[in-house]
2 protein chains.
Amino acid sequence: MKRVDMLVKAPHFYTMQGEGVGYKSGVAMIVNGGKIEEFVPLEQIEDYKADEILDMDHHVILPGLIDGHMHSCYNIFRGLAQDANGWMMYGIQPFNNIETRESVDAGAKVALLESIKAGTTTLGDYNTYMDDVCQFIEKVGVRGNLTCMVRDALKKTYQPGELYEFNDALGTEEFQRNLDLFDRWHNKANGRIKILFGPQAADFVSAELLLKIQKAAKERKTKIHLHVQQGDRETDQIMRRYGKRPTKFLEDLGYLDQDLIAVHLTDCTDEEAMTIARHGASMAVNPGCIGLVDGLVCPSLAFQKAGGNVALGSDQAAGNNCHNMFNEMKNITMMNKIRYQDPEIMPAWRALRMATIEGARAIGLGDITGSLEPGKQADFIAVDLNVPSMQPVFTYPMRNIVPNLVYSARGNEVRLSVVDGKIIMKDGKVLAVDEDELMKDMQKYPDELGKAASKEFFEINGPNVRFMEEDKL
Amino acid sequence: MKRVDMLVKAPHFYTMQGEGVGYKSGVAMIVNGGKIEEFVPLEQIEDYKADEILDMDHHVILPGLIDGHMHSCYNIFRGLAQDANGWMMYGIQPFNNIETRESVDAGAKVALLESIKAGTTTLGDYNTYMDDVCQFIEKVGVRGNLTCMVRDALKKTYQPGELYEFNDALGTEEFQRNLDLFDRWHNKANGRIKILFGPQAADFVSAELLLKIQKAAKERKTKIHLHVQQGDRETDQIMRRYGKRPTKFLEDLGYLDQDLIAVHLTDCTDEEAMTIARHGASMAVNPGCIGLVDGLVCPSLAFQKAGGNVALGSDQAAGNNCHNMFNEMKNITMMNKIRYQDPEIMPAWRALRMATIEGARAIGLGDITGSLEPGKQADFIAVDLNVPSMQPVFTYPMRNIVPNLVYSARGNEVRLSVVDGKIIMKDGKVLAVDEDELMKDMQKYPDELGKAASKEFFEINGPNVRFMEEDKL
C-alpha cells in the first residue's frame, strides 16, 4: 500500500504527451508532492492510499489551460472599444488616461477570475503595475507568467508621421519598475510566479533601452515578452526611424532568439513570421482580439510551419471583451479555416495543443506545466461531459471529445481546477476569493470613470458616439 | 389598480423597437394574456396588481432569440464531422445511414434543450421526421418554425458528374409527409407551432416537385425553407441539368419571392445574393457551421445591403458542434470583419438585431415575436449581468451591454425564458423536462451507432481516421 496525496479517477485523460493529445482511459492519475507521479491502471488503484480521491465521473481531465498573453488592466473598460477602425484612437483612447490604480486593479481581478473559471491555470498577464496581480495569483493558487510593461516613448498626442519622443527619465523609471517586480516576485508563491521583461514594442522603446532590457533579462535567465510588428502604425514608425521593417530591425538588433515571446505579428508577412520562428523565438497569438479590433488573422500558421511554438492569448477585454481560452481555441481554428478557405486547416487537436503544451513551451514553462506527465507539476482541470454542449460522447470509431471541447464548449463546463496538486476551483467556484465581492468591488468605478472619459469620448467622436445617438448600444 | 398577469422589473430592456436596439430603462414591462401590454415608468407600477412579479435585478431583458435554421436531427452525431474537406463525403457520410428514429429523436431533444438554455425561444428546426420535435416544443412551451425535408433525388452513391436520379414515388411520399405534418401541427400548441415546406435544395428536388410544393405552400399561406446554392456540388448539378446557375434557375422558376427563406447561399456571388434579396426573399445564414465545414463566409452582408432580412442559424451539430445563438452572434460579426478586413463591418448591435427582430421577420414571425412591443407575444429572456463575462456595466458615455452580449456572453448567462407570457426556463433550468433524463436517454445510442458506422468510416478513410491513428482525437 503506497501512501500518496491525491488519486484522480476519470473516464478520459488528455495528457498531451507525445505529438498528439496523449489520450488515456482505464487509468487513474497519481499526484504526490504537487507533481504528477504516474498513471496507473484502474485495477491497480487498490495499491494506493490517497489523502484525497477525486472521482470525476463523466468528466474529462485536461492540463490546465495556458493564456499566453493578456492585459487584465483593460478589463475595467470591457466592451468599450470595439467596432471601430483605428482601435487605439477611436476605441480605447477616451478611456486610456482616466483610469485609477484602484479601478484597474479591481477590474484585473475579475479578468483573472473569468479566465480561471474557464479553465486557465497559467496566466500570462502583462500590465504596467503588477503587484496587485501577483498578490491575487499567490492567493488564488494559480500560476502566473507575468510581465511588466516598459516604454520610454512619451505618452502624448503625435501628429501623423511624427516620430515618438523617447524620454530617458521615463525609460529609467519604467525599467526600474520591471527590475523591482522581478526582485520582489520572481519564483515566489512556491515558484508559481515567473517575472518576464516587457518592452512594450519596438516603436515605443528606444534601441538603447531595448538592449538594456535584453541584457537584464539574459542575466536573470528570464524571457522577453514583446509586441512585434503589431500594426501599420508600428511599421511606419520603425521604417521612418531605422529605414527597415520591424522584424528586420529586431533581427539586426539581435532580439530574435529563444528568449523572445513575440506577440501578434499582425503586420508581418508569412515570410517575416517564419524568420522570427527560425531564430528560435516563440509567438503569442490573440485571434479573438485582433479579429475584433483589426479584422485580421495573424500569421501563427506560418510561424508553426517554420517550427515555432505558439501560445494562445485572450489579450484584453476593452476590445476582445472576454478572457476565455475555450473561446480562443474556437477562434484560432475558425479564423484560419476562413483565412485559407480550407476546413482542414487547424484541426481541433492543434488548438487544444496550443492552449496546453505548445502554449506552455512558447512561454517558457514547457518543463513545468501544459501536459500531464510524470514529474511535471499537477496542473489540471476537469470538464463536465454531462452537459448538452458536450453530448453525446462517442469513443468508437472516433472520439468526438476534442472537437466538442474546441468547437462547442463555452468554458462553464470546467468544474474543477488543480494547480501544483492543490484544488483551487471546485464545482465551478474559485475557492480562495469571494467572487461576488470581486465583482461588487469593480462596480464601484464605472460611473465615475464614465463621467471622466465623456469629454474626450465626444471630442474624438468615434463610431460608438454615433451608435449611442442612434440607439444602437 | 389594474390587474395584470405579469410585471417585469429590470434595470435594462432592449426592446429592439425602431431601427436600433430599442433601449429602455426606468420602466417595467406589463404582460397580459400572453402578450406584451405596455411599458410603464417605475414610479407608476403601484397602479398595477400583477399575479406574478419578476424582479430581475442585475439582469438585462431581451426578446427571446431566434434560431432561423437548425437540423436537430444531426445532434446524435455531434462533433463527428468537422476538420474535413468534402464535409458530406469525408465527414458525415459514414454516420448518415446508420441512425435510427429513436436515436435521432433522442439527440434532437438535447439539441433543442441546448438551444433553449442559451436563450433561444423560437426554433427553426428542419428534419425529415418532425412529430417528435413538435411534441417536445409543445411540451416545453417554446415556439417552433418547423420544416419537413422533402426530396425526390434518390439517396445512393453517384459518380462524379452524374446527375441525381429523381424518383416519383420517393417525392410523393416525402411531399405527403410534409402535407401531413402541416395538417397535424400548423398553428397548434396555442399557435406556437408553424409548419413550413422544405424542399431540400434545387439539386435534390425536381423542378416539377419544386412547383408542386410551392403551390401547396401558397395555398396554405406558409413559407418555403430551402437550401440555396449551398456549394459547388449543387451549382455543378444545376448547370448540367438546366444550363444555368442555381440562383438563375430558381429565379426563372418563380421561386424567389417573399415566401422563400433561402439558406446558406454559400456558392452565391454577392450579386446573386442581392438578386435573391431584391425579389423579396429572406435569408438564413449559419456562420459557425459554414465556417467550420467549408471555411467560408456566406454573403449575408450583400443580402442585407440589398434590403433583405437575414436570420442567424446554428445549423447542425455534426459539423457546427453546438446550438447557441450567442455563439452565432459572435461568429457573424467576427467572420465578416475578417472577410472584409474591416472592424467596423457588422457591429454588435446588428448581430443582436439578426438574432431577434430581423431574424423573426426573415422567418415570417415578425408580427408575433422578435421584439418587445405592445401587442406582440411576450417572448423574452433575462441575461444575468452579475457574472465576470458581463462585468463591469457602463451606461455613460456609452453602454457596453450590447457589445458584451455579442462578443463575451457564452449563453449560460441566460437565467430566465418566457414564451407567450409563460415562464419556460427559470434559474437556467428548463421547467417541463428532466434535463438529465434527456441526456441519459441520448447516451444509450453512441456505442451501437459507432459500431454500425465503423465499416464505412474506415472505408471512406477521411481525416478523422488518420487523427484516431495518430492520437489526435
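Arg410(B) lies closest to the rotation axis among the residues of chain B, with its C-alpha at 3.0 Å. Please keep in mind that this is a predicted model, in which local features need pLDDT of at least 70, side-chain atom pairs count only at pLDDT 80 or more, and totals for chains, interfaces and linings use all residues. Residues are numbered from 1 along each chain as its sequence is written, while chains are lettered from A and ligands numbered from 1 in the order in which they are written.

**Symmetry**
- Chain B superposes on chain A (least squares on C-alpha atoms of residues with pLDDT of at least 70 in both) by a rotation of 180 degrees with 0.0 Å of shift along the axis, at an RMSD of 0.0 Å.
- That is the relation of a two-fold axis.

**Interface**
- Chain B and chain A each bring 80 residues to the contact, where contact means C-beta atoms, placed from the backbone, within 7 Å.
- H16(B) gives the largest share of the side of chain B that touches chain A, seven residues.
- The copies meet through the same surface, because 100% of the interface residues of chain B are also interface residues in chain A.

**Sheet in chain B**
- Seven strands (DSSP runs of E, at least two residues, numbered from the N terminus) form an open sheet of mixed pairing, ordered S3-S2-S7-S16-S17-S18-S19; strands pair if DSSP finds at least two bridges between them.
- At the edges are S3 (23-24) and S19 (429-430) of chain B, each pairing on one side only.
- S16 (380-384) and S17 (414-419) of chain B run antiparallel, joined by four bridges, and Ile381(B) has Ser417(B) in S17(B) as its bridge partner.

Terms used:
Contact = placed C-beta atoms within 7 Å.
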